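Open the model in your viewer and switch to a cartoon display. The tour goes from one selection to the next and says what is found at each stop.

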Amino acid sequence: MSKPMTAFTTDFQHSGMVAKDLDETIAFYTEKLGFEVAGIFRKGEPAPMTTGAINHWAFDTPDIEAAFENAKELGLKFKDTEIQHIDSFWEHGIRFFNVYGPNGETIEFCQIV
């Protein structure tokens with residue numbers, strides 16, 4: 001029997017967003033809101049400067065396979081057809097998959113390897 005996806009997550013991991021001024025954005029989120037910078041990945045996209053500008057939300061999961069199977073059982077709409085792997089993030093990389101929320105937002109489930 002499937003469970004809510006929070007049964008497979010341990011914490012909020014990161015959010016992806018574009019910025020019109022990177023230094024100003026980092027200062028706001030770190031100095032005023034107390035966030036940590038997990039990484040800076042430059043893509044060159046212009047900031048949309050509107051509500052809804054955050055690209056995605058990511059949640060930590062200790063068991064990416066179990067989370068992926070549960071998401072399938074829940075009938076979530078997948079952006080990725082299989083678990084993805086990127087070696088260049090963190091020391092040993094990450095494994096992740098993305099689903100779409102009801103408004104087209106991307107929700108990532110991510111396991112640090």
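Select β2 (54-60) and β6 (residues 106-112). These two strands run parallel and are joined by 5 bridges. Strands (E, at least two residues) and helices (H or I, at least four) are DSSP runs, numbered from the N terminus, and two strands pair if DSSP finds at least two bridges between them. Within this pair, Phe59 stands opposite Phe109 in β6.

This is a predicted model, in which local features need pLDDT of at least 70 and side-chain atom pairs count only at pLDDT 80 or more, while totals for chains, interfaces and linings use all residues. Residues are numbered from 1 along each chain as its sequence is written, and side-chain values use heavy atoms, with hydrogens and water left out.

Keep β2 selected and add β1 (11-17). β1 and β2 run antiparallel, with 6 bridges between them. Gly16 has His56 in β2 as its bridge partner.

Now go back to β6 and add β5 (residues 94-100). β5 and β6 are antiparallel, paired over 7 bridges. One place to check is Asn98, which stands opposite Glu108 in β6. Follow the chain through the hairpin of these two strands, where 5 residues lie between them, and stop at Gly104, which takes a positive phi near 85 degrees.

Which other strands pair with β5? Strand β3 (residues 77-78) is joined to β5 by 2 bridges and runs antiparallel to it; here Phe78 stands opposite Val99. Strand β4 (residues 84-86) also pairs with β5 in the antiparallel sense, over 3 bridges, and His85 has Arg95 in β5 as its bridge partner. Colour β5 by accessibility: 5 of its 7 residues are buried. Buried means under 20% relative accessible area, exposed means over 50%, and partly exposed lies in between (1.4 Å probe, protein chains only). While looking along any strand, note a general point: in a regular strand the side chains alternate between the two faces of the sheet.

Next, select α1 (22-32). At its start, a side-chain oxygen of Asp21 reaches to within 3.2 Å of the backbone nitrogen of Asp23. Just after the helix, Gly34 takes a positive phi of about 80 degrees. In the helix itself, pick Thr25. Is Thr25 buried or exposed? Thr25 counts as buried because its relative accessibility is 18%. Leaving aside residues up to four places away in sequence, Thr25 touches Met17 and Ala19, where a contact means heavy atoms within 4.5 Å.

Continue along the chain to Pro46, in the loop between α1 and β2. Pro46 is exposed, because its relative accessible area is 69%. Draw a distance from its C-alpha atom to that of Val99: the two atoms are separated by 24 Å, and the residues are 53 apart along the chain.

Turn on the surface for the pockets. On a 1 Å grid over the protein atoms alone, a pocket is an open set of points where a 1.4 Å probe fits, with protein on both sides within 12 Å along at least five of seven lines; lining residues have an atom within 4 Å of a point. A volume is the space filled by probe spheres set on the points, and grid points are joined across faces, edges and corners.

The largest pocket has a volume of about 1400 Å³. Its lining has 37 residues, with Ser15, Gly16, Met17, Gly39 and Phe41 nearest its centre. β1 gives the most to this lining, with 6 residues. The lining divides into 19 nonpolar, 12 polar and 6 charged residues. Ala, Val, Leu, Ile, Met, Phe, Trp, Tyr, Cys and Pro count as nonpolar, Asp, Glu, Lys and Arg as charged, and the others, Gly among them, as polar.

The second largest pocket has a volume of about 260 Å³. Among its 14 lining residues, Met17, Val18, Ala19, Thr25 and Met49 lie nearest its centre. α1 supplies the largest share of this lining, 4 residues.

Finally, zoom out. The protein chain has 2 helices and 6 strands, in the order β-α-β-α-β-β-β-β from the N terminus on. Its C-alpha trace spans about 45 × 35 × 25 Å along its principal axes. Of its 113 residues, 26% are buried.

Key
A polar contact is a pair of N or O atoms within 3.5 Å; within protein, one must be able to donate a hydrogen and the other to accept it, and residues adjacent in sequence count only if both atoms are side-chain atoms.
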